[in-house]
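Biologist: I have the sequence and the model open and would like to go through a few points. Please take them one at a time.

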Amino acid sequence: METQIFTKENLDIAAKALQQGEIVSFPTETVYGLGAIATSQEAVLKVFEAKGRPSDNPLIVHISDIQQMTSTVEEVPEIALTLAKAFWPGPLTMILKAKPGIYAPALSAGLPTVSFRMPNHPLTLELITKVGIPLVGPSANLSTKPSPTKVQHVFEDMNGRIRGIVDGGSSTVGVESTVIDLTNEEGPVILRPGVITKEQIESVIGPIQSSVTTKTGEREIPKSPGMKYRHYAPKTPVLVVEGAVESFTKAIQEAQNNGKTVGIMAQNAIVDAVESRVKGIYKMGTSVDDMNRSLFDALRTLDHLELDIILAQGAPEEGVGIAYMNRLKKAASTVL
């Protein structure tokens, strides 16, 4: 199969391919998604096959109109409408109880709940509207590899596996959406952190729970992606370095004393201070938002250099730093 690159000019062809049950990757503000019509069991199973994704890892349904959600769930809590008004289109996913018989059983791994998101990317909103059916959209990478934030990332993993990729440029957020479960009996709970923070959500709907450190057991089916399996890992071992230049200098020296070639991914000032001592560098900007945006590209870029180790800068686990560290720790072998 030849994987085609689609643009706005030939988006109708991408939409038709999806309607015919084929897989097309689409851009979002978070990461590129692997699209298939959410009502077709055959199409959804192709997504699992293309990714090599475990069948008990649920998928998120992407919509372009809120009625695509409200018409397919058992009930629409007022809190869901409040969150949608505040954060959609955007990187927030809501879990609700779905009406039976509408969505492909495989996308929810047999659970009665379905996750919904309205992505904030004009091409993908137009694509979903043209298809006329919501799309599943897990990250368009091979399972366990770093998520894709550029077309070339998707092409690296999916060339020959899928019908095409809609080129929407680089992702502007860079980490997957915040997931909030609205079916929890004890009240809304965050199951996966993202750049929409707990504090932002609470400013709209009041106090909520956060279970971002909770993992699903081996025999349990997770309600949300990111709760059970190792994610985001390049082939090269990743060590998280807490602290600034001094911490990196020490970690570089220790690795080199053991005969290892080193790459670093960190904010610009740290890279500028130590780049002459390492084989590979990636400047991640000047803020934690920048670090989120560049995280997966940094992991992929340094992984291509055939290093022995990647030293990655940590961030305070507060605000958007929670999402950054959640992804980085899943990619890492060690936190120093």
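Biologist: Is Asn57 buried or exposed?

Modeller: Bear in mind that this is a predicted model. Asn57 sits in the loop between α2 (41–51) and β4 (60–62). Its relative accessibility is 3%, and the cut-off for buried is under 20%. Asn57 is therefore buried.

Biologist: Which residues does UniProt list for "binding site"?

Modeller: The list comes from an unreviewed entry. The listed residues are Arg53, Asn57, Thr113, Ser139, Ser147, Arg192 and Tyr232.

Biologist: How far apart in space are they, between C-alpha atoms?

Modeller: In sequence they are spread over 180 residues. They are also spread in space, with C-alpha atoms separated by up to 25.2 Å.

Biologist: Which of these residues is included in the lining of the second largest cavity?

Modeller: The count comes to 2 cavities of 30 Å³ or more, and the second largest holds about 30 Å³ of space. Its lining consists of Pro58, Leu59, Ile95, Leu107, Ser108, Thr113, Val114, Ser115 and Lys223. Of the residues on the UniProt list, this lining includes Thr113.

Biologist: Which strand gives the largest share of that lining?

Modeller: By residue type, the lining of the second largest cavity divides into 5 nonpolar, 3 polar and 1 charged. The largest share, 3 residues, comes from residues 113–117, which form strand β6.

Biologist: Why does Ser139 count as buried?

Modeller: Ser139 is in the loop between β7 (135–136) and α6 (151–158). Setting aside residues up to four places away in sequence, Ser139 touches Val31, Tyr32, Gly33, Leu34, Lys51, Ser147, Pro148 and Glu176. Ser147 is also on the UniProt "binding site" list. Ser139 counts as buried because buried means under 20% and its relative accessible area is 16%.

Biologist: How many residues does the largest nonpolar core have?

Modeller: In soluble globular proteins, nonpolar side chains tend to be buried together. Here, the residues with the most contacts inside the largest core are Trp88, Leu92, Met94, Leu107, Phe116, Leu127 and Ile201. Leu92, leaving aside neighbours within four places in sequence, contacts residues including Leu83, Phe87, Phe116, Ile180, Ile196 and Ile201. The largest nonpolar core has 60 residues.

Biologist: How many residues are in the other core that lies apart from it?

Modeller: Among the members of this other core are Val173, Val238, Tyr282 and Met325. It lies apart from the largest core and has 27 residues.

Notes: Residues numbered from 1 in each chain as written. Predicted model: local features only at pLDDT ≥ 70, side-chain atom pairs only at ≥ 80, totals over all residues. Heavy atoms only, no water. UniProt positions renumbered as here; feature names shortened; annotations may be inferred. 1 Å grid on protein atoms, 1.4 Å probe; cavity = no way out; pocket = protein on both sides within 12 Å on 5 of 7 lines; lining within 4 Å. Helix = DSSP H or I, 4+ residues; strand = E, 2+ residues; numbered from the N terminus. Buried < 20%, exposed > 50% of the residue type's maximum accessible area, 1.4 Å probe, protein only. Contact = heavy atoms within 4.5 Å. Core = buried A, V, L, I, M, F, W, Y, C linked by side-chain atoms within 4.5 Å. Points joined across faces, edges and corners; volume = space filled by probe spheres on them. Nonpolar A, V, L, I, M, F, W, Y, C, P; charged D, E, K, R; others polar.
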